[in-house]
Amino acid sequence: MARLISGKEVSREVLDGIKAGIAAARGKHADFSAGLAIVQVGDLAESNVYIGKKIQSCKDVGIDARLVKLSKSSTQSQVLETVNSLNADSSIHGIIVQLPLDTNQTIDSHLVTNSISAEKDVDGLTSLNAGHLAQGDLARCIPPCTPNGCMELIKKSGVTIAGAKAVVIGRSKIVGAPMAALLTWHNASVTVCHSKTKDLAKVCSEADILVVAIGRGEMVTGDFIKPGAVVIDCGINSIEDATRKSGRRLVGDVHFESASNVAGAITPVPGGVGPMTVAMLLRNTYDIALRAYEEQVTKIVVEGGRMVGCTLL
């Protein structure tokens with residue numbers, strides 16, 4: 001039976017680290033702050049739930065969360081103006097636009113997310129951050145939250161990533177493609193699979209690390225899995241289940257029962273990748289805030305030194 005990789009436990013470690021880091025920073029500099037802005041268009045119930053969780057997590061670790069809520073009749077220009085104003089706000093270190101947009105207007109969501117300053121793009125979705133990641137410039141890249149969370153889980157599994165065969169099923173801009181890039185730049189040999197891949201089960205069965213992000217409930221079964229492999233399930237799907245009071249239950253893209261009998265380590269659904277996404281969002285925000293503050297302090301020290309030098313002269 002495979003060992004469970006608990007996203008709840010790992011995310012708690014990440015959040016505890018952020019909380020401790022913020023407390024330490026404020027202990028040295030009382031004016032230190034980290035700010036996250038969430039732009040929401042409309043009032044989708046599902047989005048409200050996700051946003052509520054993010055705001056509560058921010059409160060728990062000491063990040064200042066600001067919800068900017070726009071009506072569903074807001075135009076694309078108004079949404080872009082809102083993002084631009086947050087780009088210019090020095091108290092805001094991270095910006096996310098909650099998707100999907102609940103709008104009755106024609107709005108290009110990619111244009112909106114790409115208007116976020118790359119330095120504040122805590123979701124890691126702008127073209128500039130995607131470019132840095134694609135080129136392996138990890139020092140200048142803000143990694144997308146879900147793939148970065150998956151990397152944390154893979155590391156926690158104990159598998160040696162360098163030299164491992166990794167397979168990513170799915171090539172979306174949000175998960176699959178950046179996941180493949182992160183694994184590549186951590187020196188894994190990576191294969192990306194998709195709807196046109198031939199003999200998918202055979203390809204997957206050679207993977208030491210298998211990441212599944214296809215949005216199809218329980219598609220990947222035990223016969224896809226190499227014995228002892230690490231399996232990361234990014235999917236979350238609602239399926240019918242007459243044994244449940246609600247008549248439905250949540251499952252991943254991996255058939256957990258059959259896969260766990262073959263894999264060496266596996267993430268559950270729920271409680272696997274999901275909690276990591278919010279944790280990595282907050283870590284990105286904290287990292288940006290700390291870097292911005294350190295740069296500000298350095299600038300003040302340097303300029304102060306110049307002023308002293310001028311005075312001495």
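Which strand contributes the largest share of the lining of the largest cavity? In this predicted model, the answer is strand E4, residues 94-97, which supplies three residues of that lining. The search returned one cavity of 30 Å³ or more, and the space within the largest cavity amounts to about 50 Å³. Its walls are formed by Ile95, Ile96, Val97, Thr113, Ile116, Asp121, Asp123 and Leu125. Sorted by class, five of the lining residues are nonpolar, one is polar and two are charged.

Helix H6 was examined next. This helix comprises 13 residues, 145-157, and extends 19 Å between its first and last C-alpha atoms, close to the 18 Å expected at 1.5 Å a residue. Of the 13 residues of H6, 11 are buried, so the helix is largely enclosed by the rest of the structure. The buried positions run from Cys145 through Thr146, Pro147, Asn148, Gly149, Cys150, Met151, Glu152, Leu153 and Ile154, with Ser157 also buried. An α-helix has 3.6 residues a turn, so residues three or four places apart point the same way. Just after H6, Gly158 adopts a positive phi of about 90 degrees.

Electrostatic pairing was then considered across the model. In total, 11 salt bridges were found in the whole structure. One of them joins Asp43 to Lys69, with the closest N and O atoms 2.7 Å apart. This pair connects distant parts of the chain, since Asp43 is placed in the loop between strand E2 (35-41) and helix H2 (45-61), whereas Lys69 belongs to strand E3 (residues 64-70), 26 residues apart. Asp43 has a relative accessibility of 46% and therefore counts as partly exposed. Lys69 is likewise partly exposed, with a relative accessible area of 44%.

A further salt bridge is formed between Lys72 and Asp102, whose closest N and O atoms lie 3.5 Å apart. Because Lys72 is located in the loop between E3 and helix H3 (76-87) and Asp102 in the loop between E4 and helix H4 (109-114), the pair ties together parts that are 30 residues apart in sequence. The two partners differ in their burial: Lys72 is partly exposed, at a relative accessible area of 38%, whereas Asp102 is buried, at 14%. The cut-off for burial is a relative accessible area under 20%.

Lys202 and Glu206 also meet through their side chains in a salt bridge, with an N to O distance of 3.3 Å. Lys202 is partly exposed, having a relative accessible area of 46%, and Glu206 is partly exposed as well, with a value of 38%. In addition, a network of salt bridges links Asp241, Arg244 and Arg249.

Finally, the surroundings of Ser57 were inspected. Ser57 is situated in helix H2 and is buried, with a relative accessible area of 16%. When neighbours within four places in sequence are left aside, Ser57 is in contact with Val278 and Leu282.

Methods
Residues numbered from 1 in each chain as written. Predicted model: local features only at pLDDT ≥ 70, side-chain atom pairs only at ≥ 80, totals over all residues. Heavy atoms only, no water. 1 Å grid on protein atoms, 1.4 Å probe; cavity = no way out; pocket = protein on both sides within 12 Å on 5 of 7 lines; lining within 4 Å. Points joined across faces, edges and corners; volume = space filled by probe spheres on them. Helix = DSSP H or I, 4+ residues; strand = E, 2+ residues; numbered from the N terminus. Nonpolar A, V, L, I, M, F, W, Y, C, P; charged D, E, K, R; others polar. Expected span 1.5 Å × (residues − 1). Buried < 20%, exposed > 50% of the residue type's maximum accessible area, 1.4 Å probe, protein only. Salt bridge = Lys/Arg side-chain N within 4 Å of Asp/Glu carboxyl O. Contact = heavy atoms within 4.5 Å.
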